[in-house]
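Dear colleague,

I am passing on the structure we spoke about, and my notes on it follow directly below. Please read them with the structure open beside you.

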Amino acid sequence: MSQPARLVLTLVLVWGTATPVAAAQVERAVRKRSVVVASSPADALPVVRVARDTPTVFLFPAPINRKTLTFDESRIHVLDAGERSVIVQPVADITEGERYEIGVFFADGRAPARAAFELVTDPTEVDIQINVQRPELAGAACPVDEPRAPQPEDFVLLGLVDKEGVSATPIKGYDDAERGFLVQSAIAYRGKGWALIDARVINYVGQVPWLPRVAMLTGRVGLPLHARIVMIDKTAIQPGAERQVLVVAELPQLTVSPVFTLELVGDGRTLKIPNVRFPKSASGATP
């Protein structure tokens, strides 16, 4: 056999032997890990190793608010998001030195309220399952019901406000002397799929204490729409006292400027506020 032929044969044999070894070197070891989320925004985020050919599932210890999930859609695919889980997969392996954040708020509002992670690609390992844990904060043995103060960004993250913003319109004051009420002032707000009435209600002197318990919006057509009552002070309104009463309703299909009557059913008396008119979407509203 000639010298060139021997050289070619040798290279072929070496290449055939080396190829499986090289393939074995790039195969990543799969891992299942437990990861503790950051206690505060100042803490470093836990790192999770992802790969373009391997889904990674996050398992959370409490329900999450899927509407608050944030990530770079151009680089990360979210394959599924459930009540307590999220499955992700990068579009391509993340290059060395790059990191992409993914985060979501817990639904219960307890601290830490948000779970966030930095996604990277490791040439030797990939996380296929992350068991998310929340840290035991100082004083956890004696919990205090102090919910996190809402921040402006929460309204967008929770899907309560979109590009249309929030519109508002005043509601004319209403005096119901017969039932012993005076609505001193009121404003109707409208956002993405919701409406809210902020009313200042006075219980007349000489009347008995009164506490609204049921709220309904009645229109010209259709069934009454039940709403939630929100009051900072949940005790009965005393005679001669004024109280802020908020009424919140979900109105995903609200037509343009419908007219409602707001009924607040309380202890022995019902306050009816007529001519409650919600504004158009913010892009066309005139407060």
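Which strand supplies the largest share of the lining of the largest cavity? Please keep in mind that this is a predicted model. Strand 7 is the answer, with 3 residues of that lining, and strand 7 covers residues 100–106. Strand 6, which runs over 85–90, also supplies at least two residues of the lining.

The structure holds 1 cavity of 30 Å³ or more, and about 50 Å³ of space lies in the largest cavity. Its lining is made up of F58, F60, L69, V86, V88, I102, G103, V104 and F117. Of these lining residues, 8 are nonpolar and 1 is polar, while no charged residue takes part. The polar one is G103, because Gly is counted among the polar residues here.

A second place to look at is R31, which belongs to strand 1, spanning residues 29–36. R31 has a relative accessibility of 33% and therefore counts as partly exposed, since that class lies between the limits of under 20% for buried and over 50% for exposed. Leaving aside residues up to four places away in sequence, R31 touches R49 as well as E125, V126, D127, I128 and Q129. R31 and I130 are 99 residues apart in sequence, yet their C-alpha atoms are 8.7 Å apart in space.

With best wishes

Methods:
Residues numbered from 1 in each chain as written. Predicted model: local features only at pLDDT ≥ 70, side-chain atom pairs only at ≥ 80, totals over all residues. Heavy atoms only, no water. Helix = DSSP H or I, 4+ residues; strand = E, 2+ residues; numbered from the N terminus. Buried < 20%, exposed > 50% of the residue type's maximum accessible area, 1.4 Å probe, protein only. Contact = heavy atoms within 4.5 Å. 1 Å grid on protein atoms, 1.4 Å probe; cavity = no way out; pocket = protein on both sides within 12 Å on 5 of 7 lines; lining within 4 Å. Points joined across faces, edges and corners; volume = space filled by probe spheres on them.
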